[in-house]
Structures are given as structure tokens and as C-alpha cells.
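Q: Please take a close look at the pockets of this model and describe what surrounds them. An account of the strands would be a welcome addition.

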Amino acid sequence: MGAFTKGGDTLALEAAAAARSAFHAVEKLRAHGSQGRGLSAGALDVLVRLGAAGEAGEAGEAGEPGLTVGELARAGGVSPRNATGLVDTLEREGLARRSPDPNDRRAVLVTATPEGLAWLEEFRVPTERAMAAVFRGFSPEEMAQLRHLCLRLVENQQQIEQYLGAVADGPGPDVS
């Protein structure tokens with residue numbers, strides 16, 4: 001990395017490489033634990049959200065059981081189009097289902113199926129064991145600090161993305 005930075009400070013690049021390596025290590029365990037179902041991290045995130053909403057008896061914005069694709073998109077920080085694709089995947093796997101929103105005929109509500117809830121329950125125990133093994137030797141304080149630092153990375157990236165979007169849009173034509 002020293003050659004890349006021409007002798008400059010490499011600490012930020014090394015930290016980024018370490019974060020990327022850590023992500024890949026955790027992702028390998030997640031993929032292994034998905035029992036060959038091939039669920040992406042995004043699809044798993046949606047299924048977890050649907051499972052949590054179902055267990056808590058939560059209703060979506062419309063007051064009905066289930067969550068809209070828009071709610072799933074906002075909660076996951078993805079586009080509605082991406083959320084739709086993730087729901088499509090879960091529906092094909094029999095883990096989620098769509099039903100008409102009785103309060104808005106343009107919308108659908110998404111819920112985890114009984115098979116989806118059972119899959120989550122089966123996935124939970126090996127995931128807890130794997131995460132305990134990955135974080136072996138970390139104190140609770142270190143794990144909290146790591147969580148905080150990772151979330152700060154995400155926040156910084158989102159701010160940069162917003163700035164770059166604003167710069168790309170520009171101030172518009174000068175009409176003075």
C-alpha cells in the first residue's frame with residue numbers, strides 16, 4: 001500500500017481493507033448458514049424484518065398486518081425496486097407472500113409465511129453460534145465499539161453519497 005500512496009499514510013487504506021476482509025468473513029458464514037437456499041444478505045434482511053414484524057404483531061403504516069414494499073425499502077435503506085426484487089426472491093422460495101392492502105388498492109402487504117418463520121428459527125441457532133465464534137475473545141465493550149465504528153463508516157459513506165449527488169445535480173442554471 002505504501003507504493004500506492006507513494007510513501008504517504010496507509011492507515012485509512014489498511015483500515016478499509018480490514019473492514020472489507022471482515023465483511024467477507026462474516027458473509028461467508030452467513031452464506032454457509034443459509035442452508036443452500038442461496039438467500040442474499042438483502043433477502044435475509046427482509047425476511048428477518050418480516051419475521052420480527054410478525055412476531056411482534058406489528059402492522060404496517062396502513063394498520064394491517066404485514067409491511068409494504070416501501071416500508072421494507074426504507075427500513076433496509078434500498079430502493080423500492082430493489083426491495084421488490086428481494087420480496088420476489090422470498091416469494092419464489094415460499095418464505096414470504098404478498099396480499100392486497102385493504103386500505104390502498106395500489107399497495108400490497110408482505111408477510112413471512114409459516115415456512116419463512118420456521119426457516120428463520122432454524123437459521124437463528126447456528127447463526128448465534130457462528131457469531132459467538134467469530135467474536136470469540138471480544139469483550140462486550142469491544143463489540144459495542146466495533147458496532148459503533150462500523151455504523152459511523154456507513155453514515156460517512158451516506159453523507160459522501162448525498163454530497164456527490166448534490167454536486168452532480170449542480171446548482172442549476174444561473175438565471176440572474
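A: The largest pocket of this predicted model encloses about 1,400 Å³ of space. A pocket is here an open set of points on a 1 Å grid over the protein atoms alone, where a 1.4 Å probe fits, with protein on both sides within 12 Å along at least five of seven lines; lining residues have an atom within 4 Å of a point. The volume is the space filled by probe spheres set on the points, which are joined across faces, edges and corners.

The lining of this pocket comprises 39 residues, and those closest to its centre are Ala22, Phe23, Val26, Glu27 and Cys150. At least two lining residues come from each of H1 (11–33), H2 (41–56), H4 (80–92), H5 (114–134) and H6; H6 spans residues 140–169. Helices are DSSP runs of H or I with at least four residues, strands are runs of E with at least two, and both are numbered from the N terminus. The greatest contribution to the lining is that of H1, with 14 residues. By class, 26 of the lining residues are nonpolar, seven are polar and six are charged. Ala, Val, Leu, Ile, Met, Phe, Trp, Tyr, Cys and Pro count as nonpolar, Asp, Glu, Lys and Arg as charged, and the others, Gly among them, as polar.

The second largest pocket has a volume of about 180 Å³. Its lining is made up of Leu153, Val154, Gln157, Gln158, Glu161 and Gln162. This lining divides into two nonpolar residues, three polar and one charged.

The strands form an open three-stranded sheet in the order E1-E3-E2, with antiparallel pairing. E1 (67–68) and E2 (96–101) are the edge strands, each with a single partner, so one side of each has no neighbour in the sheet. Pairing requires at least two DSSP bridges between two strands. E3 (residues 104–112) pairs with E1 over two bridges, and leucine 67 has valine 110 in E3 as its bridge partner. E2 and E3 are antiparallel and share six bridges, with alanine 96 opposite alanine 112 in E3. A hairpin of two residues links E2 to E3.

Residues are numbered from 1 along each chain as its sequence is written, and side-chain values use heavy atoms, without hydrogens and water. Local features need pLDDT of at least 70 and side-chain atom pairs count only at pLDDT 80 or more, whereas totals for chains, interfaces and linings use all residues.
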